[in-house]
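Good morning, and thank you for coming. I would ask you to look at the sequence and the structure on the screen while I speak.

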Amino acid sequence: MKIIRKITLLSLVTLSIMSCNKNKNQVVDPLITNRDTTVNPSEDFFKYANNGWFKQHPIPSSEKSNGIFRTIQDTINNQIKSICIKSAEAYADKGSNKQKIGDFYASGMDSITINKVGITPLKREIAKIDAVKDLTSLLKTIAYLHTIQGSPAFGFYVGQDDKISSKNALFLAQGGLGLGQRDYYFENDDNTKKIRAEYPKHVARIFELTGENKEKSAANASLILKIESELAKSSRKIEALRDPIKNYNKMSVAELNKMTPNIDWKIMLVNLNIKNADTVIVGQPEFFKALNATIKNYSVADWKTYLKWDLYNTYASYLSKDIENQNFYFFSSVMSGIKEQKPRWKRIVEQTDGSLGELIGQVYIEEYLPKGTKEKLLEIGNNIRDVYAERIKKLDWMSAETKVKALNKLSKIVMKVGYPDKWKDMSSVTIDNKSYCKNVMAVNQWSYNYMINKYGKPVDRTEWGMYPQTYNAYYNPSNNEICVPACNIIVPGFEGRMPDDAILYGIIGGSTFGHEITHGFDDQGSQYDDKGNLNNWWTKEDYAKFKAKTKLIVDQFSKYKIGDKNINGEATQGENIADLGGVVMGFEAFKKTKQFKTKEIISGLTPEKRYFLAYGYAWMVNATEKSLLQQVMMDVHSPAQFRINGPLANVPEFHKAFNIKPGSPMYQPDSLRVTIW
C-alpha cells in the first residue's frame, strides 16, 4: 500500500503481572541458546546471534523461511484456527460474526466440493469477458475486474491526498503485471532469466487446466508475456516509486482524457463505481501514455485473453487442487524456493484471517490478549519518543529553525497500539459454506466498496490499516501515525515471565517504535509535515545535509550481496534509515533503565551485549536463497542479515560491546559511519 511502511516485528509475550522463576539458572535464555559461538561477532553478527537456533530449526519444506516471525505466526495461526473451528461448530445465527467466520473456514476446508466444481465459481466473470465486443465493453470489463480485486492494465485506489491529507482522492498507478515487478521482464541474471522462462509455461498450464487445448494455451502464454512486457517497459523501477513528489501528478479528468484519448476515463470511473469525479492523481503519467497506445496495439480478442489470465491469476489459490498446485509451483517453488505447500488448515486459516480479520480480531482481543497491553506499549513508545526528542535537540547538523519543526512533527505522531476502539462494519458481506472462491470474491467486493465509499468524504483518522492479530506494524505519513497491533506482545522463550529491559528495548523499543517513528523522518516521511501533508518543512541547507547522510546509507547497503545480486540501496534506504534510527533510539531509551544503570549481568551478558543480541533476535530469519533473491527484486526491506549487520556497523556502542576491530567485516570506519538521527 502507498501509505504503509511495513516491518515485521518482535515484542513481549506477556505484560500482565507474572511471577518469574527465582532460580535463574534453570530458565532457558534465548539470547544464549540462539547464539553460535563458533562464529566471531566481528565477522558476522547475524550468524553469531542466531545460527545456533538455525542449526536446530531448518527451514520447513513448506516455508520460504524460518525464524522468529514463523514461530510467532504459528502461534497466531493456532489461535485463529481455534476461533475458526469454534465458530464453525457454533451453529451461529446467519449474518453473525461467528457464522461468517465458521462458514468461510468450512468452505475452504471442503476440498471435495472445491475440486468438483473446478472453475465454475468464475463462470459469471468468464461470461463477462467472453461478451466483450469492442473497446467500450473492454474498458467496462477491465473496470469490473478491479471491483473484485483483479489488477488488469493499471492500478487504482482511493486514499489520502498527499498534499491535502484531510481529503480522500483518486489514484491511478502503473500495474497490470502478472510477475508483479517490472525488472522480472528485463533483468538478465541467471535466477531472473529462469523465472522469465518458466512464466509462460505456467501461464500456458493454467489455461490448459481451465479448458483450453495445449496449442491455444501456449499461444495465449506468449501473448500474455508480450503484453505484460510492453506494460513493464513503461513502468518505473522500484526505487523510482519512492519519490512522493515525482509520483504525485494531479490532473483533471479532462486532462487525463486528453493525455490518453483511447481511454475515456469519465466512463471508466463510472464503471469503477466512482461518481462525480473531477480530479485524479496519476502516479506515472508516462505509463498511461504508453497504455493508451497498448490498448490499440492489440486486438479485442487479445485483450480478452489477457483479462482471463488476470482473473485466473487472481483466484487460482481458491480453485480446484490442480489449479492451486500449479499456482503454488510457480509463485512459491520457482520464485521463492518453497518445496511443498503448507497443510490445508493453515492455508485456510491464513486466508480466513486475511479476508475476515476484522471479525476475528474482535474475538482475538477477548480470548488471547493479556491485560495491560495498550498501556505498556504506550509507555515504551512514549519513552522512545522522549529520547528521540533529546537526540534531535543535540543534532550538530540541523539548524535551530528546522529542529523546531522536527520536534513539532515528532510530538504530533499518533500512536495506535493494541486494537482499534471501533471496528469496520462487515454486516453487508454474505458468506455461506457452499463456495470458497465466491466467499473470497464477496469479501473482495466488500473491501473494494469500502474503499471507494471514502471518496468525497473526510478522512477518518481513527481507522486502522491492520488487525490486532497481524504480526506487523506501519507508519502512515499522511496521518503522521504509527500502528502497533496487539499480537506484537509475543516473544518466544519468555512465556510466563517478564522479559528484562534489554529485551523490551532491543525489540519493542528499537525494532518497533524506534523504527516506525524514524519512518516519519526517512527519505520519504521527511517530506511530509506534522499534519501529514506533502510539504517541505526543511531549510535548503539542512535538507542538503540530510540527503548527504542518506546517500551514505544508500552506498553502504548497495555493497551488500545475495549471491551475485547487489541489494538495491536506493529502494531500501527508507527501511535502512528506520532500522538505524530504531536501534539507536532503543539503546538510548534502554540507557535510562535500572538494568543499564546498575550494569546488571544476566546470563553472563552485560546490558549492552544483551541489548544488541536482543536486536539480533528481532531479525532472526533464515530464508531460502530464491526467496532472498525475490526479496531483492521486489521488496523495499533488506534481507534480515543486513537489517542486523548493516545498522549495527554504524553504532559505536556495538563496536565497544563486542570489541569490533578495524579491518573486520562488521567494522565501519569513522569516515563511512552513518549517523542521521
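I shall speak about helix contacts, then about salt bridges, and finally about a few single residues. Please keep in mind throughout that this is a predicted model.

Let me begin with helix packing. Please find helix 4, which covers residues 97-109, and helix 15, which covers residues 344-367. At what angle do helix 4 and helix 15 pack? The angle is about 165°, and the two axes lie 9 Å apart. Angles over 145 degrees count as roughly antiparallel, and helix 4 and helix 15 are therefore roughly antiparallel to each other. Their crossing is right-handed. On the side of helix 4, the residues that take part are Asn97, Lys100, Ile101, Phe104, Tyr105, Gly108 and Met109. They meet residues of helix 15, among them Arg344, Trp345, Ile348, Val349, Leu356 and Leu359. Sorted by class, this contact of helix 4 with helix 15 has ten nonpolar, six polar and two charged residues.

A second pair is helix 7, residues 135-147, with helix 13. Here the packing angle is about 10°, and the axes are 11 Å apart. Angles under 35 degrees count as roughly parallel, which makes helix 7 roughly parallel to helix 13. Helix 7 contributes Leu135, Leu138, Thr141, Ile142 and Leu145 to the contact, while helix 13 contributes Val300, Trp303, Leu307, Asp310 and Leu311. By class, the residues of the contact between helix 7 and helix 13 are eight nonpolar, one polar and one charged.

The third pair is helix 16, residues 373-394, and helix 19. Their axes come within 9 Å and cross at roughly 65°. The crossing of helix 16 past helix 19 is right-handed. From helix 16, the residues in contact include Leu377, Ile380, Ile384 and Tyr388, and from helix 19 they include Leu504, Tyr505, Ile508 and Phe513. In the contact of helix 16 with helix 19 there are nine nonpolar, five polar and two charged residues.

I now turn to the salt bridges. How many salt bridges does the structure hold? There are 39 of them, and I have chosen three to show you.

One salt bridge joins the side chains of Lys308 and Asp130, with 2.8 Å from N to O. The pair links distant parts of the chain, since Lys308 belongs to helix 13 (residues 300-315) and Asp130 to helix 6 (residues 123-130), 178 residues apart. Is each partner buried or partly exposed? Lys308 is buried, at a relative accessible area of 15%, whereas Asp130, at 36%, is partly exposed.

Another salt bridge is formed by the side chains of Arg347 and Glu324, at 3.1 Å from N to O. Arg347 sits in helix 15 and Glu324 in helix 14 (residues 321-336), 23 residues apart. Both Arg347 and Glu324 are buried.

The remaining example pairs the side chains of Arg610 and Asp500, with 2.8 Å from N to O. Arg610 is in helix 23 (residues 607-618), and Asp500 is in the loop between strand 8 (481-485) and helix 19 (501-519), with their positions 110 residues apart in the chain. Arg610 has 1% relative accessibility and so counts as buried. Asp500 is buried as well, with a relative accessible area of 15%. Salt bridges can also share partners: in this way Glu63, Arg70, Asp74, Lys342, Lys346 and Glu350 are joined into one network.

Finally, I should like to point out some single residues. Ser332 is found in helix 14. Buried means under 20% relative accessible area, and Ser332, at 19%, therefore counts as buried. Leaving aside residues up to four places away in sequence, Ser332 touches Asn327, Gly337 and Ile338.

The last two residues concern the backbone angle phi. Most residues other than glycine have a negative phi. Asn276, however, has a positive phi, near 60°. Asn276 is placed in the loop between helix 11 (265-271) and strand 5 (279-282), and at 78% relative accessibility it counts as exposed. Lys599 also has a positive phi, near 55°. Lys599 lies in the loop between helix 22 (594-597) and helix 23, and with a relative accessible area of 44% it is partly exposed.

Thank you for your attention.

Methods: Residues are numbered from 1 along each chain as its sequence is written. This is a predicted model: local features need pLDDT of at least 70, side-chain atom pairs count only at pLDDT 80 or more; totals for chains, interfaces and linings use all residues. Side-chain values use heavy atoms; hydrogens and water are left out. Axes are lines fitted to C-alpha atoms, for helices over the stretch in contact, and angles run from 0 to 180 degrees between N-to-C directions. Helices (H or I, at least four residues) and strands (E, at least two) are DSSP runs, numbered from the N terminus. Angles under 35 degrees count as roughly parallel, over 145 as roughly antiparallel, 65 to 115 as roughly perpendicular and the rest as oblique. A crossing is left-handed if the near helix is turned anticlockwise from the far one by less than a right angle, and right-handed if clockwise. Contact means heavy atoms within 4.5 Å. Ala, Val, Leu, Ile, Met, Phe, Trp, Tyr, Cys and Pro count as nonpolar, Asp, Glu, Lys and Arg as charged, and the others, Gly among them, as polar. A salt bridge is a side-chain nitrogen of Lys or Arg within 4 Å of a carboxyl oxygen of Asp or Glu. Buried means under 20% relative accessible area, exposed over 50%, partly exposed in between (1.4 Å probe, protein chains only).
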